[in-house]
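I sat down with this entry to note what I looked up, item by item.

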Amino acid sequence: WSSLDFPWTKKLEVNNKKVFGNHSFRPNQREVINATMSGCDVFVLMPTGGGKSLTYQLPALICPGITLVISPLVSLIQDQIMHLLQANIPASYLSANMEWTEQQDILRELNSDHCKYKLLYVTPEKVARSDALLRQLESLHIRDLLARIVIDEAHCVSQWGHDFRPDYQGLGILKQKFPNTPVLALTATATASVKEDVVQALGLVNCIVFRQSFNRPNLRYSVVPKTKKCLEEIDKFIRENHFDECGIIYCLSRMDCEKVSEKLQECGHKSAFYHGSMDPAQRAYVQKQWSKDEINIICATVAFGMGINKPDVRFVIHHSLPKSIEGYHQECGRAGRDGLHSSCVLYYSYSDYIRVKHMLSQGVMEQNTMTSGYSRSNTTNSGRILETNTENLLRMVSYCENDVDCRRLLQLVHFGEKFDSSTCQKTCDNCLKITSFIEKDVTEIAKQLVELVKLTGQKFSSSHVLEVYRGSLSQMIKKQRHETVHLHGAGKHLSKGEASRVLHHLVVEDILKEEVKKSDVYGSVSSILKVNEPKVRNLFFGGQGINMSDVLNL
Ligand code: ADP
Ligand code: ZN
């Protein structure tokens, strides 16, 4: 697909320079353009900032007819259209909250024989819920004016992904109605299973896939244990490494955003918070201040991010656990778009895992959209989606607890990508450590922990079980008379970190289950460990041991 002999090659070169002001193509751009212009269905995985827009905007410019672009957020669409109009490419969009007369004007233009638009943007619900739009597309199609259909952020189609949006699932209708119109699906994040899901849901035929490495060499990754002093540490980290530079701090809840921002202001940083319950004008104001460097730190939920194009974000800090590796990778990806070194620091505590898990089961996680506040989709779709979310979350936990393997490798494995960790060049915390690593069979420890959970009646938290295992004689343990349990102290020889890694591995492997319990008195969340019998049988009788490397690897 990289050939320079396509009939349109010359036109591509000229317009890429003249209209878009680019000197050359970035990796895969030419290939994607050639494939889609040849009429094929194409699926593109390109990291954020890789230049996906050009792969449909340039064909839209030089092909006759109109390119339909489906994009999740009105704010993103407006941003794109502004850029297109600046480059003198006529483009427009249709959205539900647009004035009726304005919509009529656009529809009239679409119906004219000399329609000036090269691109028409719509949000997915417009396709899923508006017959009028489908009729309009049919009319364009009949007049041979529907050149191509582009689906931006295509991972939103998949329930396996980290950002499922129900309206995206309705997009399969496009291929049914217009089987011969080429579809171009674009995303910056998809695992192999998400990709399969997307291809199937959209009904893409003999689809050509382009993907490139998701490694971001200029980002430095680390995971830091989260303590009570976390905010002081964040202040110190920024002061020492990125003073007065621009960054994002991702927080779990709206309240956290406000708390963290307030603390940083007290420490003399120019910070502000951003989350779904602020009104749109307020959010737009904060975002603008940040874009103009009037404030340099934004403490935000994941509602902040999609469509943020600031090139000089020098750090992304996760104040609490992200809900999936995909989400984490994408959030970190907002740093260092200009190619300069940037830091990604994640503050991890196991108790945050419990919190996130609880929020997922309650369906009160914010999504990364600027329009729709809290997502309730988890509760309404429960079942499979909750299961997927929990699985994604456990992988994130396992990433955090791994203190041996290269962070890049751990992320890229998740995207099905091979990566030679020697190329990390000590740009992650784990590679920085000297890793003389000894394989160790921990099956016995695993068995003891499972046994201990049973012996104590499957009523206690992981930290309590660990304390009993390591022989603590705390008040709580005495009160429960757990110093008399026969495995009390059986794990004395292990460090706290070692024992808890094995235990958490058992949770990740679904051998132990963590049940979230809301305490009645303070409304705080705790969790108790239960044994998942069918899985335990494998561990005890399946002859299947557990090595420390299993515990450490994803
Ligand atoms: P993505 O959608 O993949 O995150 P964009 O399409 O927004 O990325 O492009 C990111 C930035 O890269 C934009 O500022 C764009 O102008 C720039 N860009 C895209 N292609 C090229 C190119 N071939 N040469 C130089 N800059 C490019
Ligand atoms: Zn590394």
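**Sheet, helices, ligand, confidence**

I began in strand S7, where I found that the bridge partner of leucine 45 is arginine 211. I should keep in mind throughout that this is a predicted model.

I then looked up how the two strands meet: S1, residues 42–45, runs parallel to S7, and four bridges join them.

Next I traced the whole sheet, which is open, has seven strands paired in parallel, and follows the order S3-S4-S2-S5-S6-S1-S7. I noted that S3 (91–94) and S7 (208–211) stand at its edges, and because each has a single partner strand, one side of each is left without a neighbour in the sheet. From one strand to the next, I read an average twist of 20°.

I turned to the helices that lie across these strands. Helix H2, residues 29–37, lies across S1, S5 (146–151), S6 (183–187) and S7, and I noted that H2 runs at about 165° to S1. Helix H10, residues 192–202, lies across S1, S5 and S6, and its angle to S6 is about 150°.

For ligand 1, I listed 13 residues around it, of which Asn22, Gly50, Gly51, Lys52 and Ser53 come nearest. Sorted by class, I have eight polar, three nonpolar and two charged residues in this shell.

Last, I checked the confidence. The chain has an average pLDDT of 87, with 91% of the residues scoring at least 70, and the model scores are ipTM 0.98 and pTM 0.67. I marked residues 369–381 for caution, since pLDDT stays under 50 there, and I recorded that the model has 30 contacts beyond four places in sequence for this stretch.

Technical notes. Residues are numbered from 1 along each chain as its sequence is written. Chains are lettered from A and ligands numbered from 1 in the order in which they are written. This is a predicted model: local features need pLDDT of at least 70, side-chain atom pairs count only at pLDDT 80 or more; totals for chains, interfaces and linings use all residues. A residue is near a molecule or strand if its C-beta atom, placed from the backbone, lies within 6 Å of it. Ala, Val, Leu, Ile, Met, Phe, Trp, Tyr, Cys and Pro count as nonpolar, Asp, Glu, Lys and Arg as charged, and the others, Gly among them, as polar. pLDDT is the predictor's confidence in each residue, from 0 to 100. Two residues are in contact if their C-beta atoms, placed from the backbone, lie within 7 Å. Two strands pair if DSSP finds at least two bridges between them. Axes are lines fitted to C-alpha atoms, for helices over the stretch in contact, and angles run from 0 to 180 degrees between N-to-C directions.
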